[in-house]
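Let's take a walk through this one together. Have a look at the chain first, and then we'll go through it piece by piece.

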Amino acid sequence: MDRIQMTAKLKEKLPTKRFEHSIGVEYTAGTMAFMYGVDYEKALIAGLLHDCAKYVPNDKKIQKCKKRGISVSECEYHNPELLHAKLSAIYAKEKYGVTDEEILSAIECHTTGKPEMSALDKIIYIADYIEPNRNILPDMDIIRKEAYSDLDRCLLHILKNCILYLQKKGSIVDPITQATYEYYNKELS
């Protein structure tokens, strides 16, 4: 399936706002790929499909992951919304014919991050946060500049903001997000 077919299929599956977000991430990922010498087509596909399983109801996310042998952490049981990234990687493969492991990895870790992310992983994580349709979040103007000047600094900035936001809300911080923050904080020190 080519990207045009993927786009048409995705448009049928997602609500309008989520589809527009996906197009925004696709566009942003493409511009960042040019900036950092990452494969443009891979960035577009990963950006487009990163939320392709977002529409699955939360109670079904756990069920669908278990059925496919995808591990579900304790944090994910309590916050099944986090599973949309893992499930989107599976759907990208099953329903959109994506076999490229770099694309699937970028989709899978776009919500929590992970230590030792590839450039494509970082681009999709960041593009999801900064795409033009996003609500303006704290430091957005600075983060958008960092996205095009220093991938790791930008990634760390977003991770820090996400952790602070979750802590302020009294929500659980996914251990993978915390480990990712600690990894890149150490790398940049």
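## A walk through the fold

Start in a loop: E116 sits in the stretch that links α7 to α8. Keep in mind that what you're looking at is a predicted model. E116 is out in the open, since its relative accessible area is 61%, and anything over 50% counts as exposed. What is odd about its backbone? E116 isn't a glycine, yet its phi is positive, at about 60°. In general, most residues other than glycine have a negative phi.

E116 has some company in this. D139 isn't a glycine either, and its phi is positive too, near 65°. You'll find D139 in the loop between α8 and α9, the latter covering 140-147. Is D139 buried or exposed, or somewhere in between? With a relative accessibility of 33%, D139 counts as partly exposed.

Now step back and take in the whole thing. The protein has 11 helices and zero strands, so reading from the N terminus you simply get α-α-α-α-α-α-α-α-α-α-α. Its radius of gyration is 16 Å, close to the 16 Å that the globule rule gives for 189 residues, which means the protein is as compact as a globular protein of that length. Along the principal axes, the C-alpha trace spans about 40 × 40 × 30 Å. Of the 189 residues, 47% count as buried. And if you take the contacts between residues at least 6 apart in sequence, 60% of them join residues at least 24 apart.

Next, let's see how some of these helices meet. Helix α8 (residues 119-130) and helix α10 (residues 151-169) have axes that come within 10 Å and cross at roughly 50°. That angle is why α8 counts as oblique to α10. The crossing of the pair is left-handed. Who does the touching? On the α8 side it's A119, K122, I123, Y125, I126 and Y129, and on the α10 side it's L151, D152, C154, L155, I158, L159, N161 and C162. Sorted by class, this contact has 11 nonpolar residues, one polar and two charged.

A second pair is worth a stop: helix α3 (residues 40-49) and helix α7 (residues 101-108). Their axes come within 9 Å and cross at roughly 35°. The crossing of α3 and α7 is right-handed. From α3, the residues K42, I45, A46 and L49 meet E102, I103, A106 and I107 of α7. Split by class, the contact of α3 with α7 has six nonpolar residues, no polar ones and two charged.

Finally, zoom in on a single residue, L83, which belongs to helix α6 (residues 83-96). Is L83 buried or exposed? Its relative accessibility is 0%, so L83 counts as buried. What does L83 touch, leaving aside residues up to four places away in sequence? The list is K61, I62, C65, V72 and E76. If you'd like a distance to try in the viewer, go from L83 to R134: they're 51 residues apart along the chain, and their C-alpha atoms are separated by 21 Å.

Technical notes:
Residues are numbered from 1 along each chain as its sequence is written. This is a predicted model: local features need pLDDT of at least 70, side-chain atom pairs count only at pLDDT 80 or more; totals for chains, interfaces and linings use all residues. Side-chain values use heavy atoms; hydrogens and water are left out. Axes are lines fitted to C-alpha atoms, for helices over the stretch in contact, and angles run from 0 to 180 degrees between N-to-C directions. Helices (H or I, at least four residues) and strands (E, at least two) are DSSP runs, numbered from the N terminus. Angles under 35 degrees count as roughly parallel, over 145 as roughly antiparallel, 65 to 115 as roughly perpendicular and the rest as oblique. A crossing is left-handed if the near helix is turned anticlockwise from the far one by less than a right angle, and right-handed if clockwise. Contact means heavy atoms within 4.5 Å. Ala, Val, Leu, Ile, Met, Phe, Trp, Tyr, Cys and Pro count as nonpolar, Asp, Glu, Lys and Arg as charged, and the others, Gly among them, as polar. The radius of gyration is taken over C-alpha atoms; the globule rule is 2.2 Å times the number of residues to the power 0.38. Buried means under 20% relative accessible area, exposed over 50%, partly exposed in between (1.4 Å probe, protein chains only).
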